[in-house]
Amino acid sequence: MARILYASFDPVPGPKGASRHITALVGGLVAAGHQVDLMAVAGPDAPPTVAGARLLPFHTAPGGNFLARACAFGEAVLARAELGGYDLWHVRGVWEGLPLALWRDGAGGRTPLVWEANGLPSIETPAHFGAVANAPELLGRLRRQEEVLMRAAERLIVVSPVTASCLAELGADPAKIRVVPNGVDVDAYAGLQAGDRGPEILYIGTMAPWQGLETLVRALAQLGPPARLRLVGPPGKGWAGGLRRLAARLGVADRLALQPPVAPEMVPALVARARVCVAPLDGSPRNLVQGCCPLKLLEYMAAGKAVVASAVPPVEALVAHGAEAWLVPPDDPAALAEGLRVVLDDAALRARLGAAARAKAGTLSWAASNAKVLAVYAEVGVT
């Protein structure tokens, strides 16, 4: 049994996919016999454990300066690591990984460091905060910090081949990189009673710029009634209001429903009732260069739903057009509308796509993902 410090500057428990990913992974580590301390953002009413891992909550007020909060989290992670006793440090971000790397280098420590590189601040920060795109000095500093962590970490875990290529192009040693796609709880979708609330299109996930939701609302306007759209998830930084205003201008407000996130156990039934599910990722660097592995797509697939998604490399690494999904060019409302129209109107096509998607999802379970992470640990001597 190893003692693992797993740190992530994400809310856990929380409504986003990162929380589901973290919960599934630490649960798998605990099931494998490891003792896990999970450091994450959490409120004062946070549970003492998450999936069997001890939760070490980092309390931070919402709002304020993001970078200041992120750096404070990194300092808290370092303070915990300095107490010693851990056989491995596993981090999800530069904010918490860089302080560990620098301290270990200076103190001559030997604790293995694994970076689960789900996102690069030099790419993601401008996507979250548009003004950062015009701050080359800050972006350069973020890139240098990423490079330090890439060199220091014994292994780099990424969720997509696109991310693996991105890190290699930035100078990471390809021999360190391991692709471990996200997973899905396939058992939670077994035996679902498929429903059909008519021509309803469902999107589940954060309302953020790179998700292509403006394109989706514009596509809804081109589809015309009776097609309608349901968006379920955290509203992001004002994005819900912006989508409502866009829908009003386009005359589709009565066909757009925005719903707050639901508990993870409620997602399967919600997905099962939709006729078509959608993942309209845009063509931004966050998707094309950095890459991702959309949990929503895996959840749609596990439910056996017909999916219309953007033909961007991270999606094409998971599904093929006309096989497990119907793919369309990103950032093109007319193409998205036509793709949705084809799938909404063809029951046989929906059945074929859904069956193939469900079969593919069976190979992408959290159990399979966790087994690959445990294999990475074994490579650095932690079993």
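Visitor: How many bridges join β1 to β2?
Guide: Keep in mind that this is a predicted model. The chain leaves β1, passes through helix α1 (residues 17-31) and arrives at β2, in a right-handed β-α-β crossover. β1 and β2 run parallel, and the bridges joining them number seven.

Visitor: Which residue in β2 is the bridge partner of Arg-3?
Guide: β2 covers residues 35-41, and six of its seven residues are buried. Within that strand, the partner of Arg-3 is Gln-35.

Visitor: And which residue in β4 does Asp-37 stand opposite?
Guide: β2 also pairs with strand β4 (residues 53-58), again in parallel, through five bridges. Across from Asp-37 in β4 you'll find Arg-54.

Visitor: Let's hop over to helix α3. What span does it reach from its first C-alpha to its last?
Guide: α3 takes in residues 94-107, which is 14 residues. At 1.5 Å a residue you'd expect 20 Å, and the model comes close to that, with 19 Å.

Visitor: What covers the buried residues of α3?
Guide: The buried residues are Val-94, Trp-95, Glu-96, Gly-97, Leu-98, Leu-100, Ala-101 and Arg-104. Their cover includes strands and helices alike: β1 (3-11), β5 (88-91), β6 (113-116), α2 (66-82), α4 (121-128) and α5 (136-152).

Visitor: Which residue follows α3?
Guide: Look just past the end of the helix for a residue with a positive phi, near 70°. That's Gly-108.

Visitor: Which helix gives the largest share of the largest nonpolar core?
Guide: In soluble globular proteins, nonpolar side chains tend to be buried together. Here the largest nonpolar core has 62 residues, and Leu-216, Leu-231 and Leu-340 have the most contacts inside it. Six of the core's residues come from one helix, the largest share: α7 (residues 213-223).

Visitor: Which residues does Leu-340 touch, leaving out those up to four places away in sequence?
Guide: Leu-340 is one of the residues with the most contacts inside that core. Apart from the core lies another, of 38 residues, with Ala-7, Tyr-86, Leu-156 and Ala-172 among them. As for Leu-340, the residues touched are Ile-201, Leu-216, Leu-223, Val-276 and Val-308.

Visitor: Why is Cys-166 too far for a bond with the closest cysteine sulfur?
Guide: Cys-166 counts as buried, because its relative accessibility is 6%, and a disulfide needs sulfur atoms within 2.5 Å. The closest cysteine sulfur is in Cys-292, so the distance that rules out a bond is 12 Å.

Visitor: How many disulfides does the count come to, then?
Guide: Cys-293 is in no disulfide either, with the nearest cysteine sulfur, in Cys-292, 7.4 Å away. The count of disulfides comes to zero.

Definitions and conventions
Residues numbered from 1 in each chain as written. Predicted model: local features only at pLDDT ≥ 70, side-chain atom pairs only at ≥ 80, totals over all residues. Heavy atoms only, no water. Helix = DSSP H or I, 4+ residues; strand = E, 2+ residues; numbered from the N terminus. Expected span 1.5 Å × (residues − 1). Buried < 20%, exposed > 50% of the residue type's maximum accessible area, 1.4 Å probe, protein only. Contact = heavy atoms within 4.5 Å. Pairing = 2+ DSSP bridges. Right-handed = clockwise from strand over helix to strand, strands pointing away. Core = buried A, V, L, I, M, F, W, Y, C linked by side-chain atoms within 4.5 Å.
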